[in-house]
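Opened the notebook to go through this one feature by feature. Strands, pocket, surface and charges are on my list.

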Amino acid sequence: IGQMEFSSAGPSQIVTRTSASLALGSNNVKTLYITDDDRVGIGTTSPDAKLEVTDGLGQVSTGLILHNQRHGNNNNYLRFQKARTSDSTNETIVSSGDYLGQIDFQGCDANNAYHTGLSIYAITEGTVQSDQMPTGLHIYTCNTSGTTAEKMRLSADGLLTIGTSGFGSAGTTLKQLGLAWSTSTYWDTTNTGTFTGMAISNPHADAGTGAGIQFSHGASSSG
């Protein structure tokens, strides 16, 4: 039906000579768009990021597949890279607290706008130096009241904290699971030192409150 070939040495180019977008497609339908501000859209003429893929109003799922069928131990990967630079040329070391990557899960809300329901961040922590990039994993969720806050954190030293705003820091060998507010019970995550295990504490001064672990089955049985 038609083809385009580039056979001479040197880089081949398909470019527009003005500030217009470039569209490619098949069967007389344009599918891929390269905008004049260097963004690529597949299924959209106005991508909101460097790459946006959409099926529009199609009745199929939209996805990305990385396929590797080499006869060897080769893997597929998705890599996020971050560097600090002041001149867009020389890459320099990142700092503690820098975001190395982020994944957002969004849905269309009542205002017909996309709102984030859950976010996953990779954030550096501690001393960054040669061959050392200490990084924690942070998970934020939007609750039923519309408030977005951090609900889970896995620190670079292996401290897992769930559901508390008072995220503790790991000591020398601290590997601790902390679960936060459940009515009156708080699972402490602030211990440091060489403690290994799970500490359960209740900060309430109210009489009759305590701390513990309950195993229950059915409507009222426990044990």
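Before anything else, a definition I need for the pocket: strands here are DSSP runs of E with at least two residues, numbered from the N terminus. I also remind myself that this is a predicted model.

**Pocket**

I looked up the largest pocket first and got a volume of about 850 Å³. The lining has 17 residues, and the closest to the pocket centre are Leu-51, Glu-52, Val-53, Asp-104 and Gln-106. Which strands each supply at least two residues of the lining? Strand 4 and strand 5 do. I noted that strand 5 gives the largest share of that lining, with 5 residues.

**Nonpolar patch**

Next I went to the surface. I found a nonpolar patch of about 660 Å², made by Leu-64, Leu-66, Leu-78, Phe-80, Ile-103 and Phe-105. I picked Phe-80 for a closer look and placed it in the loop between strand 4 (51-53) and strand 5 (99-108). Is Phe-80 buried or partly exposed? Its relative accessible area is 45%, so I wrote it down as partly exposed. Patch residues must have over 30% relative accessible area, and Phe-80 passes with its 45%.

**Strands 7, 8 and 9**

I then followed the chain through the later strands. Strand 7 (residues 135-142) runs antiparallel to strand 8 (residues 148-154), and I have 6 bridges for that pair. One bridge I checked joins Leu-137 to Leu-154 in strand 8. Between these two strands sit 5 residues of hairpin, where Gly-146 has a positive phi near 90 degrees.

Strand 8 also pairs with strand 9 (residues 160-162), again in the antiparallel sense, over 3 bridges. Here I met Leu-154 once more, as it stands opposite Leu-160 in strand 9. So Leu-154 goes into my notes twice, as the bridge partner of Leu-137 and as the residue opposite Leu-160. The hairpin of strand 8 and strand 9 has 5 residues between the strands, and Gly-158 takes a positive phi near 95 degrees there.

**Salt bridges**

How many salt bridges does the structure hold? I have 3, and I went through them in turn.

I started with Arg-39 and Asp-37, whose closest N and O atoms are 3.7 Å apart. The cut-off is 4 Å, so I keep the pair at its 3.7 Å. I have Arg-39 as partly exposed at 29% relative accessibility, and Asp-37 as partly exposed at 42%.

Then I took Asp-98 and Arg-84, with the closest N and O atoms 2.8 Å apart. The two residues are 14 apart in the chain, and both lie in the loop between strand 4 and strand 5. Asp-98 is buried, because its relative accessible area is 9% and the limit for buried is under 20%. Arg-84 is partly exposed at 38%.

Last came Arg-153 and Glu-150, where the side chains meet at 2.8 Å, N to O. Is Glu-150 buried or partly exposed? I noted it as buried, since its relative accessible area is 11%. Arg-153 has 22% relative accessibility and therefore counts as partly exposed. With the limit for buried set at under 20%, the 22% of Arg-153 leaves it in the partly exposed class.

Key: Residues are numbered from 1 along each chain as its sequence is written. This is a predicted model: local features need pLDDT of at least 70, side-chain atom pairs count only at pLDDT 80 or more; totals for chains, interfaces and linings use all residues. Side-chain values use heavy atoms; hydrogens and water are left out. Two strands pair if DSSP finds at least two bridges between them. Helices (H or I, at least four residues) and strands (E, at least two) are DSSP runs, numbered from the N terminus. Patches are made of residues with over 30% relative accessible area and no salt bridge: like charges are joined within 9 Å, nonpolar side chains (Val, Leu, Ile, Met, Phe, Trp, Tyr) within 5 Å. Accessible areas come from the Shrake-Rupley method with a 1.4 Å probe; for residues, only the protein chains shown count as cover. Buried means under 20% relative accessible area, exposed over 50%, partly exposed in between (1.4 Å probe, protein chains only). On a 1 Å grid over the protein atoms alone, a cavity is a set of points where a 1.4 Å probe fits but cannot get out, and a pocket is an open set with protein on both sides within 12 Å along at least five of seven lines; lining residues have an atom within 4 Å of a point. Grid points are joined across faces, edges and corners, and a volume is the space filled by probe spheres set on the points.
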